[in-house]
Amino acid sequence: EESKQQKKLRVAKEQLRRFSTHGLRTLICGWRVLADADAERFIHEHAAATRSWFKREEKVAEVVNQMERDFDLLGITAVEDKIQIGVPETVKMLLAGGIRVWMLTGDSVDTAVNIAT
């Protein structure tokens, strides 16, 4: 049987997919209790990672990934983030001209498809 937390996560994933197919910008909100020692360790490790000369991005990502665990989901928000005027038409013209177009977004494939169509 599906637990309350599993159901919450399943519904959240469905909402995220629905929001992204409509081209909305999403934000997932969660929380957890953080002990002072854990917060201090994160601050120290994050500062060290940002000062690193080698593999800085990977080190920062590793520290952040360690922190972003075991959150309780509060909810999801979505806002309209309008595409700049002319972008869909420009993409269509480029494609019609035989030019390969790569759509890069910080969101999902659904958002890129929504922008391109």
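**Figure 1. The whole chain and its contacts.** Take the contacts in the chain between residues at least 6 apart in sequence, and 70% of them turn out to join residues at least 24 apart. This is a predicted model, so a word on confidence helps, since pLDDT is the predictor's confidence in each residue. The mean pLDDT of the chain is 84, with 86% of its residues at 70 or more. There are five helices and two strands to find here. Starting from the N terminus, the elements come in the order α-β-α-α-β-α-α. The chain has 117 residues, and buried ones make up 13% of them.

**Figure 2. Confidence from element to element.** Which element of the chain has the highest mean pLDDT, and which has the lowest? Helix H2 takes the top spot with 94, while helix H5, residues 109-116, has the lowest value at 65. Where pLDDT is low, the predicted coordinates should not be read in detail.

**Figure 3. Helix H1 and the glycine after it.** Helix H1 covers residues 4-21, which is 18 residues. At 1.5 Å a residue, H1 should span 26 Å, and its end C-alpha atoms are indeed 26 Å apart, so expectation and model agree. Following H1 is Gly-23, and its phi is positive, near 75°.

**Figure 4. The loop between H2 and H3.** Helix H2 (36-50) and helix H3 (56-67) are linked by a loop, and Ser-52 is found in it. Is Ser-52 buried or exposed? Ser-52 has a relative accessible area of 10%, so it counts as buried, the cut-off being under 20%. A polar atom of the Ser-52 side chain lies 2.7 Å from the backbone oxygen of Phe-54. Lys-55 sits in the loop between H2 and H3 too. With a relative accessibility of 61%, Lys-55 is exposed, because exposed means over 50%. Lys-55 also has a positive phi, near 55°, and it is a residue other than glycine. Most residues other than glycine have a negative phi, and most peptide bonds are trans.

**Figure 5. The loop between H3 and E2.** Next stop is Asp-70, in the loop between H3 and strand E2 (72-80). What is the phi of Asp-70? The angle is near 60°, a positive value in a residue other than glycine. Asp-70 is exposed, with a relative accessible area of 70%.

**Figure 6. An arginine over a ring.** Here Arg-32 lies over the face of Phe-71, and the distance to the ring centre is 5.7 Å. How many aromatic pairs does a search of the whole structure find? The search comes back with zero.

**Figure 7. Residues of H2 and their partners in space.** Two residues of helix H2 are picked out here: Ala-39 and Ile-43. Ala-39 is partly exposed at 24% relative accessibility, because that value lies between the 20% and 50% cut-offs. From Ala-39 to Met-67 the C-alpha to C-alpha distance is 9.0 Å, with their positions 28 residues apart in sequence counted as separation. Ile-43, by contrast, is exposed, with a relative accessible area of 57%. Its partner in this view is Val-63: Ile-43 and Val-63 are 20 residues apart in sequence and, C-alpha to C-alpha, 9.5 Å apart in space.

**Figure 8. Val-79 and what it touches.** Val-79 is found in strand E2. The relative accessibility of Val-79 is 49%, so it counts as partly exposed, as exposed would need over 50%. Which residues is Val-79 in contact with, leaving aside its neighbours within four places in sequence? The contacts of Val-79 are with Leu-24 and Arg-25. Thr-26 is 53 residues away from Val-79 in sequence, yet their C-alpha atoms are 6.6 Å apart in space.

Conventions:
Residues are numbered from 1 along each chain as its sequence is written. This is a predicted model: local features need pLDDT of at least 70, side-chain atom pairs count only at pLDDT 80 or more; totals for chains, interfaces and linings use all residues. Side-chain values use heavy atoms; hydrogens and water are left out. Helices (H or I, at least four residues) and strands (E, at least two) are DSSP runs, numbered from the N terminus. The expected span of a helix is 1.5 Å times one less than its number of residues. Buried means under 20% relative accessible area, exposed over 50%, partly exposed in between (1.4 Å probe, protein chains only). A polar contact is a pair of N or O atoms within 3.5 Å; within protein, one must be able to donate a hydrogen and the other to accept it, and residues adjacent in sequence count only if both atoms are side-chain atoms. Rings of Phe, Tyr and Trp (its six-membered ring) pair if their centres lie within 6.5 Å; planes under 30 degrees apart count as stacked, over 60 as edge-to-face and the rest as tilted. A charge sits over a ring if NZ of Lys or CZ of Arg is within 6 Å of the ring centre and within 35 degrees of the ring normal. pLDDT is the predictor's confidence in each residue, from 0 to 100. Contact means heavy atoms within 4.5 Å.
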